[in-house]
Amino acid sequence: MEDRSPLRPLSLEDFIGQDKVKKLLKIALESAKKRNSTIDHILFYGPPGTGKTTLATIIAREMGKEIKIVSAPMIEKKGDLVALINSLQEGDILFIDEIHRLTRHIEETLYSAMEDFRIDIVSGGGLKARSFSLNLPKFTLVGATTRLNLLTAPFRSRFGLICRLELYTEKDLTHIGRKNAEKLGIYLTDDALYELSRCARGTPRILNQMLRRVRDFAVVHEWSVIDKEKIQLILKELGIDENGLDRMDRRILKTIARTFKGGPVGLNSLALALNEDRETLENIHEPYLIKLGLIVRTSRGRKITEKGLKIIGEKTGNLLL
């Protein structure tokens, strides 16, 4: 039977990386427990795959409460929100992913729910319309977003803790990889772990995805030890080069260099040229390309750097940089 043991950490002690955020959460959790109260509403923002959902589930576990996880586009009407919150028990966690995608109407409805644990309901219409307040259980809202700028200032101000999650260092990813490889029942040499971590784009989510593919290769080929050469073979099969770039990363660099003469190019134009979703480019690929110094963002758009040109084998003299 397939091993389905979770790779996600179950406590703050087991959670590797994001040290500044963990310190804040430890204080907030300890304070809430000593006051026998709910923890303040929390907003996590940062690149995808950096631990927002994991930290929300850890908070619920540390508080001994349940968590309900929902994506913002699923909350279409006020009734959806009321039903969600009313399904919670006192102190439970409501985790809303992609919280920047809430409609303005739902966002404004959350104001009183977060501050006073009540929602104003209007029934009927015209002269027969009646308004009354519905009391809600005291809950903690944990929001997650990759686009903090899309949340209005009044909404942001209602979160007691606003925590930015950063891309992970290769050292932290190597540590995570070692622990999770053990959970998957595979053994990687130190060089192999470093090579895998170097190509994980700074996120545990991608590292774990690659570890599962490594496990598949190890099982099929009956490898007892996975070394650096085997990792390089697997990465090649997955379309990931020695710089940790996947096929779309390389397409982005080549499109900026060749179609747009090195840039600058606006995100909408780039997405259209690549036939790719704008948010995927901005949230998944762009942070990593910027981190590696392969592209830069300017007021006029994205430009490829000399380092980026070398990666795809282009000469600087051919472009108007």
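Is Arg-297 buried or exposed? In this predicted model, Arg-297 is exposed, its relative accessible area being 52%, which places it above the 50% cut-off for that class. The side chain of Arg-297 meets that of Glu-286 in a salt bridge, with an N to O distance of 3.1 Å. This pair links distant parts of the chain, since Arg-297 belongs to strand 8 and Glu-286 to helix 12 (residues 278-291), 11 residues apart. Glu-286 has a relative accessible area of 5% and is therefore buried.

Strand 8, which spans residues 295-298, pairs with strand 9 (residues 301-304) in the antiparallel sense, and 4 bridges connect the two. A hairpin through 2 residues joins strand 8 to strand 9. Within this pairing, Thr-298 is found opposite Gly-301 of strand 9.

The salt bridge of Arg-297 belongs to a wider set, the count for the model being 21 salt bridges. Among them is the contact between Arg-213 and Asp-216, whose side chains meet at 3.0 Å, N to O. Both residues lie in helix 8 (residues 204-221), where a separation of 3 residues corresponds to about one turn of the helix. An α-helix has 3.6 residues a turn, so residues three or four places apart point the same way. Arg-213 is partly exposed at 34% relative accessibility, and Asp-216 falls in the partly exposed class at 32%.

A further salt bridge is formed by Glu-166 and Arg-164, in which the closest N and O atoms are 3.3 Å apart. Glu-166 is partly exposed, with a relative accessible area of 41%; Arg-164, at 39%, also counts as partly exposed. In addition, a network of salt bridges links Arg-147, Glu-279 and Glu-282.

Helix 2 comprises 12 residues (residues 52-63), for which a span of 16 Å is expected at 1.5 Å a residue; the end C-alpha atoms are 17 Å apart, in agreement with this value. Because 9 of the 12 residues are buried, helix 2 is largely enclosed by the rest of the structure. The buried residues are Lys-52, Thr-53, Thr-54, Leu-55, Ala-56, Ile-58, Ile-59, Ala-60 and Met-63. The elements against which these residues pack are helix 1 (19-35), together with strand 1 (42-45), strand 2 (67-71), strand 3 (93-97) and strand 6 (140-145). Following helix 2 is Gly-64, which has a positive phi near 70°.

Definitions and conventions: Residues numbered from 1 in each chain as written. Predicted model: local features only at pLDDT ≥ 70, side-chain atom pairs only at ≥ 80, totals over all residues. Heavy atoms only, no water. Pairing = 2+ DSSP bridges. Expected span 1.5 Å × (residues − 1). Buried < 20%, exposed > 50% of the residue type's maximum accessible area, 1.4 Å probe, protein only. Contact = heavy atoms within 4.5 Å. Salt bridge = Lys/Arg side-chain N within 4 Å of Asp/Glu carboxyl O.
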